[in-house]
Amino acid sequence: MGLMDVFKEEETANLRLSTLYELLKQSAQKELIINGINCDVPHKYLREIITGNSESNIFSGIDNISSKEREE
């Protein structure tokens, strides 16, 4: 007798609303991330969605002009 044999087809379970809310919230977050991965959303944006914090651009303080061009 396996674990799945213990459960009946239409079994009811006692579940607190706060627990149900957390389960639904996590499910929605995971679905958004999976959809983003399937649609080739850049990893930076996926990390921002997961953490809720905006990532600063690591190249924002760097000029794209070479030192040769600056001398001219």
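Let's start with burial. Of the 72 residues in this chain, buried ones make up 4%. Keep in mind that this is a predicted model. The accessible surface comes to about 7,400 Å². Carbon and sulfur atoms hold 55% of that surface.

Now the fold elements. The chain has three helices and zero strands. Read from the N terminus, the order is α-α-α.

How far can we trust the coordinates? Mean pLDDT for the chain is 77. Residues at 70 or more make up 76% of the chain. By element, α1 has the highest mean, at 91. Helix α3, residues 67-71, has the lowest, at 52. Where pLDDT is low, predicted coordinates should not be read in detail. I'll leave α3 there.

On to α1, residues 17-38. Does its length agree or disagree with the expected span? There are 22 residues in α1, and at 1.5 Å a residue they should span 32 Å. The end C-alpha atoms of α1 are 31 Å apart, so the two agree.

Stay with α1 for the surface. L24 lies in this helix. Is L24 buried or exposed? Exposed: its relative accessible area is 55%, and the cut-off for exposed is over 50%. L24 also belongs to a nonpolar surface patch. The other members are L15, L17, L20 and L23. The patch covers about 510 Å².

Next, what follows α1. That is D40, which has a positive phi. D40 sits in the loop between α1 and α2, and α2 covers 43-51. The phi value is near 60°, in a residue other than glycine. Why point it out? Because most residues other than glycine have a negative phi. As for its surroundings, D40 counts as exposed, at 66% relative accessibility. So D40 clears the over 50% cut-off for exposed.

Last topic: charge pairs. How many salt bridges are there? The count is one. The partners are R47 and E55, whose side chains meet at 2.9 Å, N to O. That is within the 4 Å limit, so the pair qualifies as a salt bridge. Both ends are partly exposed, R47 at 42% relative accessibility and E55 at 27%. Partly exposed applies because both values fall between the 20% and 50% cut-offs.

To recap. Three helices, zero strands. Buried residues at 4%. A leucine patch of about 510 Å² that includes L24. A positive phi at D40, in the loop after α1. And one salt bridge, between R47 and E55. That's it from me.

Notes: Residues are numbered from 1 along each chain as its sequence is written. This is a predicted model: local features need pLDDT of at least 70, side-chain atom pairs count only at pLDDT 80 or more; totals for chains, interfaces and linings use all residues. Side-chain values use heavy atoms; hydrogens and water are left out. Helices (H or I, at least four residues) and strands (E, at least two) are DSSP runs, numbered from the N terminus. Buried means under 20% relative accessible area, exposed over 50%, partly exposed in between (1.4 Å probe, protein chains only). Accessible areas come from the Shrake-Rupley method with a 1.4 Å probe; for residues, only the protein chains shown count as cover. Patches are made of residues with over 30% relative accessible area and no salt bridge: like charges are joined within 9 Å, nonpolar side chains (Val, Leu, Ile, Met, Phe, Trp, Tyr) within 5 Å. The expected span of a helix is 1.5 Å times one less than its number of residues. pLDDT is the predictor's confidence in each residue, from 0 to 100.
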